[in-house]
Amino acid sequence: SIKKEKTKGQRKENIIKFLKDNHWSSIKDISSVISDCSTKTVQRELLELVETNVLKKKGERRWSRYELV
């Protein structure tokens, strides 16, 4: 649906905006500013952004940190 796509795009924009100011952030840090969805959803968005080379991921599982490429 169009609304879903809009919020998904908006979430990604918000993640990118957040990471411009906060280098190497955890999912928990990022989830705290994106309140309209679950941590799991934020995690999926982050993985998509890593796959499309927008973000770099460092560490594994709960030690994972993300930064803009």
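**Exercise 1.** Determine whether lysine 56 is buried, partly exposed or exposed, and identify the salt bridge that joins lysine 56 to glutamate 67.

*Solution.* The structure is a predicted model, in which local features need pLDDT of at least 70, side-chain atom pairs count only at pLDDT 80 or more, and totals for chains, interfaces and linings use all residues. Residues are numbered from 1 along each chain as its sequence is written, and side-chain values use heavy atoms, with hydrogens and water left out.

Step 1. Buried means under 20% relative accessible area, exposed over 50%, and partly exposed in between (1.4 Å probe, protein chains only). Lysine 56 has 38% relative accessibility and is therefore partly exposed, whereas glutamate 67, at 13%, is buried.

Step 2. A salt bridge requires a side-chain nitrogen of Lys or Arg within 4 Å of a carboxyl oxygen of Asp or Glu. For glutamate 67 and lysine 56, the closest N and O atoms are 3.5 Å apart.

Step 3. Glutamate 67 belongs to strand β2 (residues 65–68) and lysine 56 to strand β1 (residues 55–58), so the pair ties together parts eleven residues apart in sequence. Strands (E, at least two residues) and helices (H or I, at least four) are DSSP runs, numbered from the N terminus.

**Exercise 2.** State which residues form salt bridges with glutamate 48, and at what N and O separations.

*Solution.* Step 1. Lysine 8 pairs with glutamate 48 at 3.0 Å between the closest N and O atoms; lysine 8 lies in helix α1 and glutamate 48 in helix α3, 40 residues apart.

Step 2. Lysine 12 pairs with glutamate 48 at 2.5 Å. Lysine 12 is buried, at 19% relative accessible area, while glutamate 48 is partly exposed at 30%.

Step 3. Lys8, Arg11, Lys12, Glu45 and Glu48 are linked in a salt-bridge network.
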